[in-house]
Amino acid sequence: MNIVVGITGGIAAYKAPEVVRLLRRAGHAVRCAATDHALQFVTRVTLETVSGAPLYNDLFASGGTEHISLREWADIVVVAPATANCIAKLASGIADDALSTLLVATEPHHVLLAPAMNSGMWRHPATERNVAILRSWGVSVVGPESGALACGTDGIGRMADPAAIVSAIDGIGCGVLSSQRWLVTAGPTYEKIDSVRFIGNYSSGKMGFALAEALAEAGADVDLVTGPTSLAIPSLPRIHRVDVESAREMLAAVEAVWGECHGAILSAAVADYRPAEQADHKIKKQGDEGLTLQLVQNPDILATLGRSKREGQTLVGFALETDNEEANATAKLRKKNLDFIVLNSLRDAGAGFGVDTNKVTILGAKGGRWESGLMTKREVAQTIVRVIMKAEV
Ligand code: CTP
């Protein structure tokens, strides 16, 4: 790929040459674009030497049109570090120097920001609002991380590691899914026993919400059908959230949109069974006797979509297995007519319900196999979306 590395004026600018070096080592062609303030921290000579190309710093050096030719050349513009000022300018469309002009000329899906600043600046409502605006337009953001900061304090604000920035570039969809509609299911289902009790499970919905975000960041319009969860709606406007409670409600919401969708990723932990009778009053204790609940099977939403899948639709399911994991997951992939199945590992500490991290193996109907390391659910979601996109394009 052709990549522009933009550098703005923060102390983390001294790590920018390492980002450039890693990108070139991975086979990418790199041009650097730096603000004047960035050049207080890292020199022109360093950036031109590591990139092997002239620096873009002067808006008028080549007749004032280089921001356009660079935009046409670049597949991605990565800003590392991105200061609060750079983020604020881009969120407001301000183009008053070489880099900010290039950024405003570039389609948001092709921009990755690696913010770096003091914790207070990162948490300032203006910065939070600006980052949310940029993400809603499709700009990708990696980091910042927590740790020791240049101002002598500890906290969030460190620029993501150069290696993490390079991996994040791989995860950017560049709007590959724009004009596509995708469906995601998330969270648990609650199956009513009576007016105050239900059967549920520990699913938090985090994986499904991260998938909805990753799809929206790749340009898709997303229908996110979710069971009960305390998670706030993702801030991206392309995500349309539908709240449901039971498996049967989830099936109805899913069937209402599936025909219009290019694909679906079903990550909800759907209850396989529900009480045969659902009392509309609170069931009272009967003396000292126990209570027997008769359960009946819920519809299998994934299998239902698999049966009605059209040519060109992509269907992705999850599998949670404890024995013969890959063989069972592959059997499920075939039986439910899926294109991919994401095998969750419960064996690894840090993977599974409630936690922020996960580790998965993705199996494809054509025999493909991809493994993620232990990553945040957001990174796992980006990995899944990248695998699906690569198999599609
Ligand atoms: N799923 C679904 N509807 C159900 C049950 C499961 O859509 N009633 C979906 C889940 O969202 C997930 C996949 O099916 O994508 C796998 O769920 P899992 O519980 O692992 O498998 P089951 O098919 O229920 O089989 P088993 O419990 O026997 O392993």
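Biologist: At what angle do helix α4 and helix α7 pack?

Modeller: Happy to help! This is a predicted model, and here α4 covers residues 84-92 while α7 covers residues 125-136. Their axes lie 9 Å apart. The angle at which the two helices pack is about 50°.

Biologist: Which word describes how α4 and α7 lie to each other?

Modeller: Start from their packing angle of about 50°. Angles under 35 degrees count as roughly parallel, and 65 to 115 as roughly perpendicular. The value for α4 and α7 falls in neither range, so the word is oblique.

Biologist: How many charged residues are in the contact of α4 with α7?

Modeller: Let's look at who takes part. From α4 come Ala-84, Ile-87, Ala-88, Leu-90 and Ala-91, and from α7 come Thr-127, Asn-130, Val-131, Ile-133 and Leu-134. By class, eight are nonpolar and two are polar. The number of charged residues is therefore none, as Asp, Glu, Lys and Arg are the ones that count as charged.

Biologist: Is the crossing of α3 and α5 left-handed or right-handed?

Modeller: Helix α3 (residues 66-73) and helix α5 (residues 98-105) pack at about 50°, with axes 9 Å apart. That angle makes α3 oblique to α5. While the crossing of α4 and α7 is left-handed, the one of α3 and α5 is right-handed.

Biologist: Which charged residue belongs to the contact of α3 with α5?

Modeller: The contact has four nonpolar, two polar and one charged residues. On the α5 side are Thr-101, Leu-102 and Ala-105, and on the α3 side are His-67, Ile-68, Leu-70 and Arg-71. Because Arg counts as charged and His as polar, the residue is Arg-71.

Definitions and conventions. Residues numbered from 1 in each chain as written. Predicted model: local features only at pLDDT ≥ 70, side-chain atom pairs only at ≥ 80, totals over all residues. Heavy atoms only, no water. Axes fitted to C-alpha atoms, helices over the stretch in contact; angles between N-to-C directions. Helix = DSSP H or I, 4+ residues; strand = E, 2+ residues; numbered from the N terminus. Parallel < 35°, antiparallel > 145°, perpendicular 65-115°, else oblique. Left-handed = near helix turned anticlockwise from the far one by under 90°. Contact = heavy atoms within 4.5 Å.
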